[in-house]
Protein chains: 2
Amino acid sequence: MIEYTTGRGEWANWIVAEKEFDVRDLAKYESIFALGNGYLGMRACTEESYPGQTRNSFVAGTFNRFDDKEVTELPNTADFLALELMLNGERFHLEKGTIHEYSRTLNLKNGELTRRIVWESAKQEKYELLFRRFVSMQDLHLIGMRVEIMPLTGKADVVIKSGIDGTMTNSGAQHFHEGDKKISDGVYLQMTATTTETSIDFAFNCTHRLWIDGSPVSPISKHSIKRRYLGTEMKVSLQQDERLVLEKTCSIHTSNDVDNQCQDLEQLKKASLSHLKQEAEKGYETLFAESARKWEEKWEAVPIKMTTDQGFDQLAIRFAQYHLAIMTPSHDSRISIGAKGLTGEGYKGHVFWDTEVFILPYFLFTDPSQARKLLEYRYHTLGGARLNAKRRGFQGAMYPWESAGTGEEETPEWGPVDVVTGTPTRIWTGLIEQHITSDVAYGVWQYYRTTGDREFMIRCGYEIIMETANFWASRLEWDEPSGRYHINDVIGPDEYKEHVNNNAFTNYMAHWNLLTAIRCHEELLQADKEQWEKIIERIGLAESPNHWAEKAARIYLPQPRQIDEVIPQDDTYLQLKTIDLSKYRNQAQVGLILDDYNMDQVSQMQVSKQADLLVLFYLLENQFPKRVKQANWNYFEPLTVHDSSLSLSTHCVLACDVGDRELAYRMFEQAARIDLGTNMKSSDEGIHTASIGGIWKSVVLGFGGVRSLDGKLRIDPCLPAAWETLEFPIYWQGDKLSVRIDKNVLQITNTTNRNEWVTLEVRGNVHTFKKTLRLDLSEGGAAVEYAN
Amino acid sequence: MIEYTTGRGEWANWIVAEKEFDVRDLAKYESIFALGNGYLGMRACTEESYPGQTRNSFVAGTFNRFDDKEVTELPNTADFLALELMLNGERFHLEKGTIHEYSRTLNLKNGELTRRIVWESAKQEKYELLFRRFVSMQDLHLIGMRVEIMPLTGKADVVIKSGIDGTMTNSGAQHFHEGDKKISDGVYLQMTATTTETSIDFAFNCTHRLWIDGSPVSPISKHSIKRRYLGTEMKVSLQQDERLVLEKTCSIHTSNDVDNQCQDLEQLKKASLSHLKQEAEKGYETLFAESARKWEEKWEAVPIKMTTDQGFDQLAIRFAQYHLAIMTPSHDSRISIGAKGLTGEGYKGHVFWDTEVFILPYFLFTDPSQARKLLEYRYHTLGGARLNAKRRGFQGAMYPWESAGTGEEETPEWGPVDVVTGTPTRIWTGLIEQHITSDVAYGVWQYYRTTGDREFMIRCGYEIIMETANFWASRLEWDEPSGRYHINDVIGPDEYKEHVNNNAFTNYMAHWNLLTAIRCHEELLQADKEQWEKIIERIGLAESPNHWAEKAARIYLPQPRQIDEVIPQDDTYLQLKTIDLSKYRNQAQVGLILDDYNMDQVSQMQVSKQADLLVLFYLLENQFPKRVKQANWNYFEPLTVHDSSLSLSTHCVLACDVGDRELAYRMFEQAARIDLGTNMKSSDEGIHTASIGGIWKSVVLGFGGVRSLDGKLRIDPCLPAAWETLEFPIYWQGDKLSVRIDKNVLQITNTTNRNEWVTLEVRGNVHTFKKTLRLDLSEGGAAVEYAN
């Protein structure tokens with residue numbers, strides 16, 4: 001049972017709690033209670049083991065491929081979290097005996113996972129147990145664990161088996177060569193492992209310390225080294241009501257670490273061990289306090305508050321920010337964010353358009369330097385994208401649908417079984433879901449226009465945008481009858497339509513990409529001739545990119561039908577048959593339609609997996625009149641089964657745009673519950689990072705109405721009835737603005753003391769201010785007060 | 001709780017039973033209740049999963065190496081046995097709810113594993129469940145499973161998840177490339193996999209059939225294909241007291257199969273699927289009956305009976321014969337028997353001297369053609385043995401301490417942690433435990449002298465014996481001071497003495513090997529000049545092997561000390577310090593001494609892991625007078641901690657030889673309990689195949705007193721007080737003799753109608769007979785009756 005109201009007082013709306021243990025919910029909590037820091041990610045596995053658990057720990061960016069038949073993925077590293085507790089000879093676990101008290105909580109504010117249990121064994125002996133755990137936000141390599149055990153009804157002989165378990169695999173795929181194992185000074189356990197393809201060395205270290213009622217004890221210890229396992233078994237005897245405290249301090253370092261100064265494995269072993277010794281000495285409380293301080297700084301940087309009776313909404317935005325913090329490798333711009341972050345094997349750690357379209361906006365507006373790093377990742381992988389284009393016979397850079405370490409296409413070729421034919425389905429996205437290339441360019445442009453960071457554009461951005469335009473210029477297909485360029489055989493955002501021609505989203509975004517490249521070209525040429533020459537040479541461009549303009553001008557851009565202003569999603573969608581979708585909409589489970597139809601059949605019906613045109617309306621907002629948006633909303637929303645976690649938040653933002661607050665709020669509530677809600681099966685393979693980004697988008701871009709529209713800031717708030725006020729910060733052109741919205745008033749304070757003018761559009765009116773702006777929304781955004 | 005008296009009537013002493021479920025005992029029963037047929041071996045994992053389980057299935061001979069740092073091993077194949085049963089939404093497993101009745105039994109006679117449970121769920125719903133399972137002795141590829149479920153207290157919605165789980169690893173090492181998965185006709189599940197190094201294709205097939213109260217039902221089925229997993233979920237609703245029967249028929253085929261007629265993977269897929277379809281159609285009972293008939297034949301061929309109040313003894317010999325049947329790859333002479341058979345990952349499926357010295361005798365005397373196949377394996381791997389010698393700078397063939405597919409040395413270099421230094425221990429056996437080479441030659445000679453099979457000798461045997469002699473001739477080291485050949489820096493059978501010089505066992509056996517090679521050379525030269533020439537060429541022998549004789553004559557053979565007739569085990573043993581060993585002898589756990597001392601320290605004490613000289617007395621029985629045997633028994637037995645499962649049975653046989661029936665019986669009882677006894681931790685990584693062979697040796701060679709002494713049959717019975725009679729068959733020179741022993745009478749009947757004379761020595765007297773011989777043992781073996 002998941003509970004949202006456990007936090008009281010200062011912890012109100014900061015705590016997500018599991019109030020009852022049910023082994024069937026293991027995977028749910030493993031994902032949503034995951035700990036991490038962008039470098040490390042660990043599913044919230046329990047210390048004791050249960051069938052059906054998935055013990056995953058990942059280090060960002062350490063991709064490896066098991067064999068030639070598989071795609072690269074984040075390897076599941078050795079497990080530290082498993083502890084076997086024998087209490088008077090009985091193995092502690094919750095499927096046996098009686099649970100008198102149970103509570104597991106994730107504290108979003110300080111990143112600590114806590115579990116408190118009063119358990120009665122089958123022998124009718126009662127114990128109080130308290131488990132605590134954190135992954136340090138201060139020291140990326142560090143994991144702290146702490147266990148308290150107190151026998152309540154008599155003496156207890158306690159045996160704790162703990163260690164480093166390197167038998168972990170990714171659903172059976174072993175990514176590591178077995179390494180060295182060593183126990184130093186009788187207490188420091190060290191194991192190494194090396195990835196089989198990419199030869200990344202890992203060093204795992206841990207040590208244990210014990211106290212009884214506050215006094216340090218040395219247990220009777222027995223070490224064991226088995227295959228891929230290094231462990232120690234500690235025996236302690238407790239009197240009734242004596243409290244045993246075990247601290248396990250653990251660390252992971254790799255040769256791929258950006259902060260790694262080691263020349264070789266021997267140095268890595270030495271350095272990581274001496275680091276562990278030093279840190280473990282400090283003790284759990286100190287290490288945890290250091291980490292909690294870092295979390296405090298993070299929360300202070302991006303406070304988002306709403307006045308509402310719906311505490312869940314406040315909790316949900318914090319849950320989103322918590323996961324955004326632990327999924328993002330802010331330490332290393334060679335790495336980006338996988339579709340499940342570091343919380344599960346799902347999508348193998350691969351990076352999708354999710355990052356640029358659904359997650360990047362959060363960082364754009366709250367931490368621009370982090371946004372820049374995510375885009376630097378795309379620059380870092382530009383070589384792979386060029387290779388993809390070349391392999392497919394195109395020019396320029398073709399970003400991969402699924403990206404890992406190099407930017408080469410990593411999408412697997414085969415997916416789950418087709419229920420009709422009984423054979424695996426072909427996955428086409430890697431070949432034909434090509435809009436990712438403009439999505440990346442769009443992310444770059446948005447960053448530039450929101451921050452004004454020209455240095456980044458010269459170093460990375462211009463090249464990405466022009467090289468992706470080169471791809472589209474070569475990708476377009478001339479259609480003689482219509483005298484237009486077509487883009488045939490693609491998948492748009494709506495992945496229930498495979499092999500379509502002229503997907504509107506794809507065509508419009510390609511068009512946008514070409515036009516923006518022309519702008520970049522001109523801008524760079526004027527600003528920095530020397531850099532212009534270098535980039536032009538790198539992207540192999542003839543002197544003037546006239547062909548971009550020629551092609552952009554003649555791309556076929558599907559127009560609204562006269563009859564109802566509906567834009568054809570692609571050449572055939574509107575002619576397909578319709579079926580009753582009520583069985584598949586608003587269901588607890590996604591993908592139900594695939595139980596009844598196979599992909600070929602679904603492709604032949606007017607049913608959409610997720611927002612398609614609506615995403616286009618959101619990205620190229622000013623190109624479409626409100627009337628057209630409304631018409632297409634009316635047409636497509638009822639055909640959308642929201643079988644992608646990307647769908648609801650887009651709809652929420654669009655519902656705000658078309659002014660339907662109630663529907664927007666309903667969509668937000670649904671979107672916020674994709675991971676955090678009570679569907680216990682939705683997050684088994686990891687949380688949905690795009691959906692997590694979407695929660696913030698719904699709040700700030702949807703209800704807050706914030707947009708960066710080609711260099712202009714617009715705020716058109718649209719608070720849901722349930723919220724009295726909404727406060728959030730945004731960065732705009734290097735200034736940090738504090739925004740406060742209530743039913744009638746929008747107040748903006750520039751908290752950066754640069755004394756620069758800020759220009760802002762609200763409800764069609766343009767305002768400029770330096771320090772504070774206060775507008776009356778009931779009067780259509782009329783100015784009430786300026787403080788400059 | 002393990003019980004031996006469950007079998008009654010015709011099943012008396014045929015059933016081993018687990019009467020109480022305890023999750024801590026999983027590994028014990030997984031090993032001792034394992035099913036198999038020499039091709040396939042499957043640990044007795046429960047259908048439902050528990051933490052700590054080891055789900056192992058192996059196909060004999062399909063060795064693969066994970067990477068260059070590891071040694072080759074038998075890969076753990078996909079699992080069929082796991083079934084998840086959801087009963088009204090609750091997962092069936094025995095750590096939750098209440099167990100009202102529980103019994104799991106292994107029927108040694110028909111090879112069926114059965115489990116009957118009355119279980120009450122946490123919701124207080126009662127169910128009766130019956131699980132049955134067999135691995136076919138008739139069709140090597142076939143596994144039959146059957147589950148009955150009956151709700152006793154109300155209706156039940158039953159969901160069964162079943163499939164083929166290819167995520168299995170060997171303690172984390174994945175040996176397979178993921179293969180294809182397909183469901184045909186909605187009911188036939190097929191998955192393939194290919195070993196990563198050796199490229200052996202595996203095809204796994206299974207299908208399910210269901211009945212309610214005898215009527216076939218088609219459940220609501222939902223298929224799932226995940227990574228390395230292919231499954232189906234079946235839903236059925238039952239009324240109270242309705243009985244659901246599920247049959248799951250499974251098969252495994254590989255491209256390495258000796259009976260495989262397929263050219264490629266596609267053919268293998270097709271052939272294996274059509275085989276499964278055909279077999280599954282027959283149904284569990286028919287398939288099981290076919291397998292049980294094969295078992296019946298096996299038991300009829302080697303009936304061993306004792307009249308005794310100690311039913312356990314009768315059960316123990318059957319347990320041994322059961323495991324000898326399932327461990328032995330009688331279908332394929334390219335394969336031999338691993339130290340754990342096919343029952344666990346221990347020793348990685350590698351073949352040791354265990355096979356020739358501890359297991360071969362059983363087949364020599366009960367199934368000579370099988371004995372020949374085991375020796376053909378050594379001929380098949382002679383090339384690898386030659387390579388080993390060459391690599392080490394020796395001549396001839398040097399058999400590997402651990403052997404797998406090729407005969408090359410497969411012993412790992414590093415073993416478990418050294419508790420003193422905290423670093424892994426170096427494993428020296430692969431380099432210096434060289435007596436294996438003469439052990440193999442000895443096995444060949446024993447086979448020849450027991451069967452008279454000259455065809456085998458010409459084809460394989462002579463070459464092995466002469467080529468191993470070549471090894472020894474090159475291995476001997478001239479010691480100038482003594483004017484003798486020494487063998488320095490070896491490990492003898494007592495592995496607690498590493499790096500010793502002139503281990504008596506090693507020197508005597510090398511001596512024997514050289515002398516026997518000279519005999520072979522002469523014999524072959526006289527019998528078949530043409531073959532002699534071929535072999536001489538193959539083994540690169542100069543015309544006359546005079547150097548063998550020269551070297552044999554001058555090998556240093558340690559002689560009994562004058563003072564006490566003790567033979568020095570090696571050059572230093574008798575000078576080492578002694579310690580009080582009572583802490584380490586007769587303990588439930590083996591290897592305790594290594595908790596207190598490391599190998600270097602143990603090497604410096606008079607303590608033996610296992611029989612050493614005593615094995616020599618057993619192998620070269622006639623070379624040592626009884627007086628010397630007794631003296632050495634008296635000296636070494638108290639120094640032996642029996643930390644090897646090979647030790648006790650040798651001691652039992654020797655105790656018989658020195659006439660101590662009581663001690664012999666005590667040793668037998670201990671040896672018989674190594675796997676079958678109540679030490680629940682002794683067999684975790686698999687059963688001890690040498691110990692299993694040792695049980696038969698103790699009975700027939702020890703108490704039965706049977707020996708094949710260089711072509712002469714000797715029987716000197718020595719029944720323990722607890723046995724009234726003992727009956728067993730033995731093969732001798734192609735004839736099958738039925739032996740019956742009671743306190744005073746030895747009766748032998750030749751059941752082969754060849755009308756040939758059999759010569760037999762009993763208590764020093766030589767008898768010849770054709771049909772029956774009856775001797776009065778109380779009169780020292782005087783003849784009572786002949787029937788010719």
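**A five-stranded sheet and a two-fold pair of chains**

In β18(B), E233(B) is the bridge partner of K222(B). The structure is a predicted model, in which local features need pLDDT of at least 70, side-chain atom pairs count only at pLDDT 80 or more, and totals for chains, interfaces and linings use all residues. Residues are numbered from 1 along each chain as its sequence is written, while chains are lettered from A and ligands numbered from 1 in the order in which they are written.

The bridge belongs to a wider pairing: β17(B) and strand β18 (residues 229-238) of chain B run antiparallel and are joined by seven bridges. Here strands (E, at least two residues) and helices (H or I, at least four) are DSSP runs, numbered from the N terminus, and two strands pair if DSSP finds at least two bridges between them. Both strands are part of an open sheet of five, with the order β7-β6-β12-β18-β17 (chain B) and antiparallel pairing. At the edges stand β7 (90-91) and β17 (220-226) of chain B, each with a single partner strand, so one side of each has no neighbour in the sheet.

Turning to the chain as a whole, chain A contains 20 helices and 33 strands. Its radius of gyration, taken over C-alpha atoms, is 27 Å, close to the 28 Å that the globule rule (2.2 Å times the number of residues to the power 0.38) gives for 788 residues, so chain A is as compact as a globular protein of that length. The C-alpha trace of chain A spans about 85 × 60 × 55 Å along its principal axes. Of the 788 residues in chain A, 53% are buried, that is, with 20 or more other C-beta atoms within 10 Å of their own, the C-beta atoms being placed from the backbone.

Now to the meeting of the two chains. In chain B, 34 residues are in contact with 33 residues of chain A, contact being defined by C-beta atoms, placed from the backbone, that lie within 7 Å. On the side of chain B that touches chain A, β13 (176-184), β17 and β21 (414-417) of chain B each supply at least two residues. The largest share, six residues, comes from β13(B).

How do the copies relate? A turn of 180° and a shift of 0.0 Å along the axis lay chain B on chain A with an RMSD of 0.0 Å, after least-squares superposition on the C-alpha atoms of residues with pLDDT of at least 70 in both. The two copies are thus related as by a two-fold rotation axis. The same surface serves both, as 97% of the contact residues of chain B recur in chain A.

Conventions
Buried ≥ 20, exposed ≤ 12 C-beta atoms within 10 Å, placed from the backbone. Contact = placed C-beta atoms within 7 Å.
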